[in-house]
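Colleague: Before I take this model to the bench, I would like to go through it with you and ask what stands behind the words you use for it.

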Amino acid sequence: PDVTIFAFSYDYQKAKIVTSGYLPDIDSTYASGKGICYDYSSLFACMLRSVGVPAKLIKGYTSNVPTYHAWNEVFINGSWVVIDSCYDSQMKGFGSAYNMEKPASSYSKMYEY
């Protein structure tokens, strides 16, 4: 069968103009194939939850990104695992090596949903 892989790209223009109170629109993110970290994390949490995988959307700070950031925690094999799909997308785009699971010690939660 023919399989299409949908790739997302970081929306640098949106990142420059996004304001406090912004809420992601997962349908728009999926349709456009681009977004900021909050868009990536919202869509990823929605996709996981839709198939019964427990997932959190987290906002806060990480040593990997110099600004306020969003990522996910996913319940895998009895533990919450940090996954940063936006960061991984950037690393892949630059041809850099990355691991999907991130050390929780590199992430500082402010909010979780």
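**Salt bridges, burial and the sheet**

Modeller: This is a predicted model, and a good place to begin is the salt bridge in which the side chains of Lys56 and Glu73 meet, with N to O at 3.6 Å. The pair links distant parts of the chain, since Lys56 belongs to strand E3 and Glu73 to strand E4, 17 residues apart.

Colleague: What makes the contact between Lys56 and Glu73 a salt bridge?

Modeller: The term asks for a side-chain nitrogen of Lys or Arg within 4 Å of a carboxyl oxygen of Asp or Glu. The N to O distance for Lys56 and Glu73 is 3.6 Å, and therefore the pair meets the cut-off of 4 Å. Lys56 and Glu73 are both buried.

Colleague: How many salt bridges does the structure hold, and which residues are linked with Lys56 in a network?

Modeller: The structure holds 6 salt bridges, and a network of them links Lys56, Glu73, Lys109 and Glu112. Within that group, Glu112 forms a salt bridge with Lys109, where the closest N and O atoms are 2.9 Å apart.

Colleague: Why is Glu112 called partly exposed?

Modeller: Buried means under 20% relative accessible area and exposed means over 50%, with partly exposed in between. Glu112 has a relative accessible area of 40%, so it is partly exposed. Lys109 is partly exposed as well, with a relative accessible area of 40%.

Colleague: What makes Thr62 count as buried?

Modeller: Thr62 has 8% relative accessibility, and because buried means under 20%, Thr62 counts as buried. Thr62 has its place in strand E3, and, leaving aside residues up to four places away in sequence, it touches His69, Ser106 and Tyr107.

Colleague: How do you know that the side chain of Thr62 makes a polar contact with the backbone nitrogen of Asn64?

Modeller: A polar atom of the Thr62 side chain lies 3.2 Å from the backbone nitrogen of Asn64, and a polar contact requires N or O atoms within 3.5 Å, so on distance the pair qualifies.

Colleague: Which salt bridge does Lys102 form, and what does the pair tie together?

Modeller: Lys102 forms a salt bridge with Asp88, the closest N and O atoms being 2.4 Å apart. Lys102 lies in strand E6 and Asp88 in helix H4, so the pair ties together parts that are 14 residues apart in sequence. Both Lys102 and Asp88 are buried.

Colleague: Which residues of helix H4 are buried, and what do they pack against?

Modeller: In H4, which covers residues 85–93, the buried residues are Ser85, Cys86, Asp88, Gln90 and Met91. They pack against several elements, including helix H1 (12–17), helix H3 (37–50) and strand E6 (101–102). Just after H4, Gly95 takes a positive phi of about 75 degrees.

Colleague: What makes E4 and E5 paired strands?

Modeller: Pairing needs at least two bridges between strands; 5 bridges join E4 to E5, which run antiparallel, and therefore the two strands are paired. One bridge partner is Val82 in E5, which faces Glu73 in that sense. H4 packs on the sheet, touching E4, E5 and E6, and its direction makes about 110 degrees with that of E4.

Colleague: In what order do the strands of the open sheet lie, and which are its edge strands?

Modeller: The open sheet has 5 strands in the order E6-E5-E4-E3-E7, with antiparallel pairing. The edge strands are E6 and E7 (107–112), each of which pairs on one side only.

Note on methods. Residues numbered from 1 in each chain as written. Predicted model: local features only at pLDDT ≥ 70, side-chain atom pairs only at ≥ 80, totals over all residues. Heavy atoms only, no water. Buried < 20%, exposed > 50% of the residue type's maximum accessible area, 1.4 Å probe, protein only. Helix = DSSP H or I, 4+ residues; strand = E, 2+ residues; numbered from the N terminus. Contact = heavy atoms within 4.5 Å. Axes fitted to C-alpha atoms, helices over the stretch in contact; angles between N-to-C directions. Polar contact = N/O pair within 3.5 Å; in protein donor to acceptor, adjacent residues only side chain to side chain.
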